[in-house]
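Dear colleague,

I am passing on the structure below, together with some notes on what turned up when it was examined. Please have it open beside you as you read.

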Amino acid sequence: MKRLAVLLMLGVVALGQTAVAQTDQDCDTLVWSGRKYAVAVERYVPTVVMNYYQRTKFVPPFQSWSNNNNRGHIAEYEVVNNGVYLSRIEAKRYRTRGSNLWAATGIDTVVKPEYFDIMSLDTSLSDVEGAVLADWYSGVLELRLVPRDKKEQKSDEAQGTRYLNIVNGQIVDNVFVSDKHLADFKAGKLVLAKGQAAMFYRNERFKEFYLHCAMDREEVVYNGHKGLFQLVANGLPLAMEFFGNDPLKCSTNWLVNARDDGGAPFGSWTIRNDSLFVAEIATANDKGRYKQGLSDYLADSVVDGLAYCHRRFVDDHCFFADWISGEYVIHYGNWQTNSFGVADYVVYKTQKIRFKDGVVMSSVFSPSSFEDDEKALAVSEFKVCNEGNVWSVDDKQLSETVGSYKAPKKTPSYKGDKTALRNWFLNRPITDERAKDRLFRVRIAFMVNCNGEAGRWQLISKNKGELFEFANMVLETVKTMPQNWIPATDKKGNAVDCWQILEFTVSNGILTNANYK
C-alpha cells in the first residue's frame, strides 16, 4: 500500500518526483528596466516554467507542487517590450531527466529553454534571440528587488513588493506596494489605493486557486469502483482541461476580488462503455465548493468533438468529455486519519488510462491486476537485504545515476534466459498511437535483492519530449514483469543486493532486444 498525505499527494505520487533541497537564496529572477528582481513563489503555486508543462500537458522534468527551494530548477527571465521572456534554466544537482531525481553529488547545469523542449505556444511572437516568450503564462508575479549596492538597498523600490499582472506572457498591469503600507493594510489600519488593493486581492486569489488545485480532489467511478482521478503530467483538475489548463478561462470571476464565488473547478466523473462523462462541476475557493450548471459551464464541450451517440447528454444528463485526451491515473483506496490527526488517502491500486477524445484507448493496472493484493504488497514493500553491502553491474550511466559500487562475481540474471525475457516484453507493446514509426532506446535501472526480488525502478536514459512519455510507459510495463530474478553473488557465492539495468529498442511501440548486463 502507498500512503498519500493530503498536502503532498500530487507532488509525491502523481508525478513521482523529488528533489534535494537547495539553499534559501535560490529563486527565479526577472530583469526589468535594468533592475533585477527575485520572483516570490509559494508552495503549490507553479512557476512560469512549471505552468508551461501544465498548459502543454507534457510530463515535467521538475517537481510541480513545492516551494521554490525544492522545485529542482531556477529560471531567469527578462522583460522586453512588456513581454516576459524565459532566457535560461539552471538545473540544480541534475541526475537524470528520466527518473526526475537529483543527486547531491551531481553538478549544476545551466541550459537554454530548448534543452527542456520549452518554446512559445506561438513561435512567431518570440523576437528575442536565445529566449522564449512565456505566452503560455497568465497570472500574477510577486517581485522583490535584488539591490546592486547599498544605495539601491535603501531605495523605495527595495522596501516593498511589486506585483505584475500577466496575460499570455504580456504585462498588462503592475503595482508597487511598500512593506509598511501592506502591513498596515493587513492590520486594518490603512485603506490601500484602489489599484493596489485590487492587485493584492488578485494575487491572493491566484495563490488560492492553485492551492485548491493541489489539495482538492476529483473522483471517478469505473466498473463500479470509485477512485481519485488525475492527469499524469501535472495533477491539475481535469475540468481545467476544457479551458486549456488556463486559470483565467476557468472562471471569469476568480481573479476579480476576494468576494467572488469563482475558484478552481472540480468534476465528478464516470466511465461507461469505455467513454468518459462528467456528472457534476463544482468550483472550490476558501469558502467552500459551489455547484455549477453543466449546461452553462460546458455548453460548447462537443461542438468540435465527437458527440456520444450523436447526443450531448446521456440519460442522467452527464456530459460526454470529448475534450479529454492523454494519459491519466485513477488511485483506488480510502481516506484514513493518521497518528497526527491528518487525513491520508491510502492507495491500494493505481490504474493508468489513456484517453483520446473522451474514449478509453488503453488501460493498465499497477500492480498487474485489481485482485492481485499479495503482489501489490510485495511490490510496494521491496526491501534491500543489506544497505551497507550493495553491489552493481559495471555501467557508466548507471554509476552516474545511483553511485559507484563494487561489481559482483556473478550479476543478477533472469530465470529462463534472455529469450524468455524478450518474449514477455514483445507481447506488451506501447499502445500509444504516437509511438508508431518511432525508433528509440530506453534504459532502466533497478535493484535485485538477495532474495531475487526487484525494485527501485528508475529511468536512466535521457529521453526528451514525447520519447520521455513513451519511456515512462515502458517503465510502468517493466514494473509488472514476473519476479523471476536470480540474485547476484560475491566471490564466496553469497547472494547480495545488486543494481542491474534493462535496456530496450522500441520500434513502432514494440519492445525489442530486451537485454541486461
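I begin with the cysteines, and first with Cys27, which is partly exposed, its relative accessible area being 22%. Please bear in mind throughout that this is a predicted model. Cys213, by contrast, counts as buried, with a relative accessibility of 2%, under the 20% that marks the limit for that class.

Searching the whole structure gives one disulfide, and it is formed by Cys385 and Cys450, whose sulfur atoms lie 1.9 Å apart. The angle about the S-S bond is -85°, which makes this link left-handed. Because Cys385 sits in the loop between helix H8 (373–380) and strand S21 (390–392), while Cys450 sits in the loop between strand S23 (439–448) and strand S24 (454–459), the pair ties together parts that are 65 residues apart in sequence. Both partners are partly exposed, Cys385 with a relative accessible area of 40% and Cys450 with one of 22%.

Next comes helix H10, which covers residues 417–426 and in which Leu421, Trp424 and Phe425 are buried. Viewed down the axis of H10, the buried residues fall within an arc of 95°, and therefore they line one face of the helix. This fits the general geometry, since an α-helix has 3.6 residues a turn and residues three or four places apart therefore point the same way. The cover over the buried residues of H10 includes strand S22 (413–414), helix H11 (465–479), strand S27 (495–507) and strand S28 (510–516).

H11 appears again at the second largest pocket, where H11, strand S19 (343–356) and strand S20 (359–366) each supply at least two residues of the lining. S20 gives the largest share, with five residues. The space in this pocket is about 380 Å³, and its lining is made up of 19 residues, those nearest the centre being Val364, Thr431, Met473, Glu476 and Thr477. Should you wish to set up calculations there, the lining divides by class into six nonpolar, seven polar and six charged residues.

Finally, a word on Asn165, which belongs to strand S10 (residues 160–167). Is this residue buried or exposed? With a relative accessibility of 9%, Asn165 counts as buried. Apart from its neighbours within four places in sequence, Asn165 has contacts with Gly139, Gln170, Ile171, Val172, Asp173, Met199 and Arg202.

With best wishes

Technical notes: Residues are numbered from 1 along each chain as its sequence is written. This is a predicted model: local features need pLDDT of at least 70, side-chain atom pairs count only at pLDDT 80 or more; totals for chains, interfaces and linings use all residues. Side-chain values use heavy atoms; hydrogens and water are left out. Buried means under 20% relative accessible area, exposed over 50%, partly exposed in between (1.4 Å probe, protein chains only). Helices (H or I, at least four residues) and strands (E, at least two) are DSSP runs, numbered from the N terminus. The arc is that of the directions from the helix axis to the C-beta atoms. Contact means heavy atoms within 4.5 Å. A disulfide is a pair of cysteine sulfur atoms within 2.5 Å. On a 1 Å grid over the protein atoms alone, a cavity is a set of points where a 1.4 Å probe fits but cannot get out, and a pocket is an open set with protein on both sides within 12 Å along at least five of seven lines; lining residues have an atom within 4 Å of a point. Grid points are joined across faces, edges and corners, and a volume is the space filled by probe spheres set on the points. Ala, Val, Leu, Ile, Met, Phe, Trp, Tyr, Cys and Pro count as nonpolar, Asp, Glu, Lys and Arg as charged, and the others, Gly among them, as polar.
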